[in-house]
Amino acid sequence: MDATRIVMHQIVAPTEVDALGICFGGQVLSWIDVCAGLSAKTLARGPCVTISVDAVHFFRPCRRGDVVIIAAMVNRTFSSSMEVGVKVEAENMRTGARRHCCSAYLTFVSLKSKARLQQQQQDKALPPSQQQQQQQQPKQGLPRVLPTSSEHRRIHIQADARRQQRLAARQAAAADPQRAAAAAACRLQPITHREGCPTLPPSLSLTRYSPAASFTTSSQNPTPPNPTTDAAAAIAAAVAAMEAAAGQQQQQEEEAQRQRQQRGRLVVSDSGVRRRVPPSATTAYMTQSVLPQHANTLGITFGGQVMSWMEQCAYISASRLRGTHLLTAGMDSVTFAASTKVGDILYITAQVSAIFGASLEVMISVFGETPADGNVFHCADAFATLVVTDLQGAPTHIPFELEPSSAAERLRYEGAQQRRAERLAMRGAMAAVRTARASLDGCSPGSEPAEQQQLLQQQRSLEAVVEGQQLMQ
């Protein structure tokens, strides 16, 4: 297993962070996919493609200037597929402190091994004499990884258990026609270039605000300007009026900001205070063209790049609820139903499916199109969780409440309640075991000497002080 280990270092650049200096979750997902793909190709000695990504939960953010360390290793191989585990840590270059950001499990398929399996299926249809000739030819399958430590043996066993869970979920979905029909009904339909409808619904607002009202004067009967008035007096009067209007507008903005902060601290009930809006008012659309830098050597689009675009579209959809700031808390498992290639067009649609106090769930659907034939096909669906925060990073209350009306909107809303319960349980389980995982430098947290643990604790305390000073600035 150690032979498949790949470690990448990425520095968080200013172009990859939001207004709070936190790296976008989609960028981290893209790095995860690239690192895992390198590990998979190291083992398969050939091209590999991402088939699915298990749920990813972000525990700690990666900030601007941090060095992000991504480590990937093949946990287990199967007939033509393999599971790759990835762990992400961020290191503060000023203090040297590291923190665990997230972990992920990706499933890759070796195209060479898949082609060999297809050839074996075709050989079964040949006459017995030709089958015997084919069986005499040497056949090479996907290499097996061998665990060499107790930790690796545990990972190796858990990888098989996760695979069985994925297969069971896939078989249950295929055996339940009603479940498949409900998933198809919930899927967000794209807006293609052949349709002339608007790309965004009307904007949402809590109060009707007219900018002209800020510049009205207290005089009910203003004196009309006199052309013969001295020019200097006219200029002075205009400057005074502008200063008064600017001061009045600043006072109104400060009062509005104070009210927003109070709303963020108050616990508001679902009835009476929050404005009810239809989910369709949060719909966002993106159209992307797959370029060579978005694909691998075979021209197949990186799965991480698609997830990065999905997170961007979810961010736009959630931003329509007028939150001060948004942070991506996690993304549920993603299974790619079809792949796209260089030159294809991707249509990405996102819509808020449920609101939970300070967090919300966004559904994202991806469709592809090959311009040569004009065929639009479904690629993937996903659910992302985002948290609304203030400028200091504290969660704030969302002043809107969804009011689903159509059957599809009600299905998404009802499913969101169950997904949230499963998500919280999974996040709690991952948070309980993440402290027991070995660090990327190979050491286990429990094997560190007492002096080293004390030093790490001091580094974490210093890091918290530095982050607090940055927020104050």
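Let me begin with helix H7 (residues 303-319), which lies across S8, strand S9 (325-331), S11, S12 and strand S13 (375-389) and runs at about 45° to S11. This is a predicted model, in which local features need pLDDT of at least 70 and side-chain atom pairs count only at pLDDT 80 or more, while totals for chains, interfaces and linings use all residues. Residues are numbered from 1 along each chain as its sequence is written, and side-chain values use heavy atoms, with hydrogens and water left out.

Some conventions are needed here. Helices (H or I, at least four residues) and strands (E, at least two) are DSSP runs, numbered from the N terminus. Axes are lines fitted to C-alpha atoms, for helices over the stretch in contact, and angles run from 0 to 180 degrees between N-to-C directions.

The sheet beneath this discussion is open and has six strands, in the order S3-S9-S13-S12-S11-S8, with antiparallel pairing. Strand S3 (56-57) and strand S8 (284-289) stand at the edges, each with a single partner strand, so one side of each is left without a neighbour in the sheet. Two strands pair if DSSP finds at least two bridges between them. Within this sheet, strand S11 (residues 345-356) and strand S12 (residues 359-370) run antiparallel and are joined by 11 bridges; the partner of Leu346 is Gly368 in S12.

H7 also packs against helix H1. Their axes are 7 Å apart, at an angle of about 170°. The two helices are therefore roughly antiparallel to each other, given that angles under 35 degrees count as roughly parallel, over 145 as roughly antiparallel, 65 to 115 as roughly perpendicular and the rest as oblique. In contact terms (heavy atoms within 4.5 Å), Gly25, Gly26, Gln27, Leu29, Ser30 and Asp33 of H1 meet Gly303, Gly304, Gln305, Met307, Ser308 and Glu311 of H7. The residues of this contact divide into two nonpolar, eight polar and two charged. Here Ala, Val, Leu, Ile, Met, Phe, Trp, Tyr, Cys and Pro count as nonpolar, Asp, Glu, Lys and Arg as charged, and the others, Gly among them, as polar.

Following the chain from H1, we reach Arg45, in the loop between helix H1 (25-44) and strand S2 (48-53). Its phi is near 55°, a positive value in a residue other than glycine. Arg45 is exposed, with a relative accessible area of 65%; buried means under 20% relative accessible area, exposed over 50%, and partly exposed in between (1.4 Å probe, protein chains only).

By contrast, five of the six residues of S2 are buried, so this strand is largely enclosed by the rest of the structure. S2 runs antiparallel to S6, with five bridges, and Cys48 stands opposite Ser110 in S6. Two further bridges join S2 to strand S10 (residues 334-335), again antiparallel, where Val53 has Val334 as its bridge partner.

Finally, I turn to strand S5 (residues 81-91). How many of its residues are buried? The count is 11 of the 11, so S5 is largely enclosed by the rest of the structure. Ser81, Glu83, Gly85, Lys87, Glu89 and Glu91 point one way from S5, and Met82, Val84, Val86, Val88 and Ala90 the other way.

S5 pairs in the antiparallel sense with strand S4 (residues 67-77) over 10 bridges, and a hairpin of three linking residues joins S4 to S5. S5 is also antiparallel to strand S6 (residues 98-110), through 11 bridges, with Glu91 partnered by Arg98. The S5 and S6 hairpin has six residues between the strands, and Gly96 in the turn has a positive phi of about 80°.
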